[in-house]
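Here are some notes to read alongside the structure, written for someone meeting it for the first time. Have a look at the picture, then work through the points in order.

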Amino acid sequence: MLCGGWSKFRALEPEDAKLFKEVVTLQGVEYEPFAVATQLVAGTNYKFLCNATSVTRPPRDFLAVVTIFVPLEKTEPAVITHIAELNA
């Protein structure tokens, strides 16, 4: 992996799932992460691949990428920096 580059996607570990659940508290779409890649910067970026389902009628299923930034210093909270739908 290059310095600042993204790792390969891998299966979630319990710590990854815990981070996702703590940070992603959005309403309107249910996200179920199944893989994650990381990037070391001035903290860590996490890119989660997710199965997503809208809570509309009828529901719509799609794939999404949710990116979360965890600061190096734990004085700031982890935040969602980007959410994108993956087009087929």
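The points below start with the whole chain and then go residue by residue.

1. First, a word on what you're looking at: this is a predicted model. The protein chain has one helix and five strands. Reading from the N terminus, the order is β-α-β-β-β-β. With a radius of gyration of 13 Å, close to the 12 Å that the globule rule gives for 88 residues, the chain is as compact as a globular protein of that length.

2. On overall dimensions, the C-alpha trace spans about 45 × 30 × 20 Å along its principal axes. The accessible surface comes to about 6100 Å², and carbon and sulfur atoms hold 57% of that surface. As for the inside, 34% of the 88 residues count as buried.

3. How do the contacts spread along the sequence? Take the contacts in the protein chain with a separation of 6 or more: 44% of them come from residues 24 or more positions apart. For the charges, there are 8 positive and 10 negative ones, and their mean positions sit 3 Å apart.

4. Now to the helix. Asp16 lies in helix 1, which covers residues 14-23. Is Asp16 buried or exposed? Its relative accessible area is 5%, so Asp16 is buried. The side chain of Asp16 also has a polar partner: the side chain of Arg10, at 2.6 Å. Leaving aside neighbours within four places in sequence, Asp16 is in contact with Arg10, Ala11, Val36, Tyr46 and Phe48.

5. Next, have a look at Gln39, which belongs to strand 2 (residues 29-41). Gln39 counts as buried because its relative accessible area is 13%, and the cut-off for buried is under 20%. Which side chain does the side chain of Gln39 join in a polar contact of 2.8 Å? That would be Asn45. Setting aside sequence neighbours within four places, the contacts of Gln39 are Gly4, Gly5, Trp6, Thr44 and Asn45.

6. Ala52 is a good residue to find in strand 3. At 1% relative accessibility, Ala52 counts as buried. Once neighbours within four places in sequence are left aside, Ala52 is in contact with Val29, Glu30, Tyr31, Arg60, Asp61, Phe62 and Ala64.

7. Don't skip the loop between strand 3 (43-54) and strand 4 (61-71), where you'll find Pro58. The peptide bond joining Arg57 and Pro58 is cis, with omega at about -5°.

8. Last stop: Ile83, in strand 5 (residues 79-86). Ile83 has a relative accessible area of 34%, so this residue is partly exposed. Not counting residues up to four places away in sequence, Ile83 touches Leu26, Tyr31, Val65 and Val66.

9. Two distances help to place Ile83. From Ala52, Ile83 is 31 residues away in sequence and 11 Å away in space, C-alpha to C-alpha. How many residues along the chain separate Ile83 from Ser7? The two are 76 residues apart, and their C-alpha atoms are separated by 19 Å.

Methods:
Residues numbered from 1 in each chain as written. Predicted model: local features only at pLDDT ≥ 70, side-chain atom pairs only at ≥ 80, totals over all residues. Heavy atoms only, no water. Helix = DSSP H or I, 4+ residues; strand = E, 2+ residues; numbered from the N terminus. Buried < 20%, exposed > 50% of the residue type's maximum accessible area, 1.4 Å probe, protein only. Polar contact = N/O pair within 3.5 Å; in protein donor to acceptor, adjacent residues only side chain to side chain. Contact = heavy atoms within 4.5 Å. Rg over C-alpha atoms; globule rule 2.2 N^0.38 Å. Areas by Shrake-Rupley, 256 points an atom, 1.4 Å probe, with all protein chains shown as cover. Lys, Arg positive; Asp, Glu negative; His and termini not counted. Charge placed at Lys NZ, Arg CZ, Asp CG, Glu CD.
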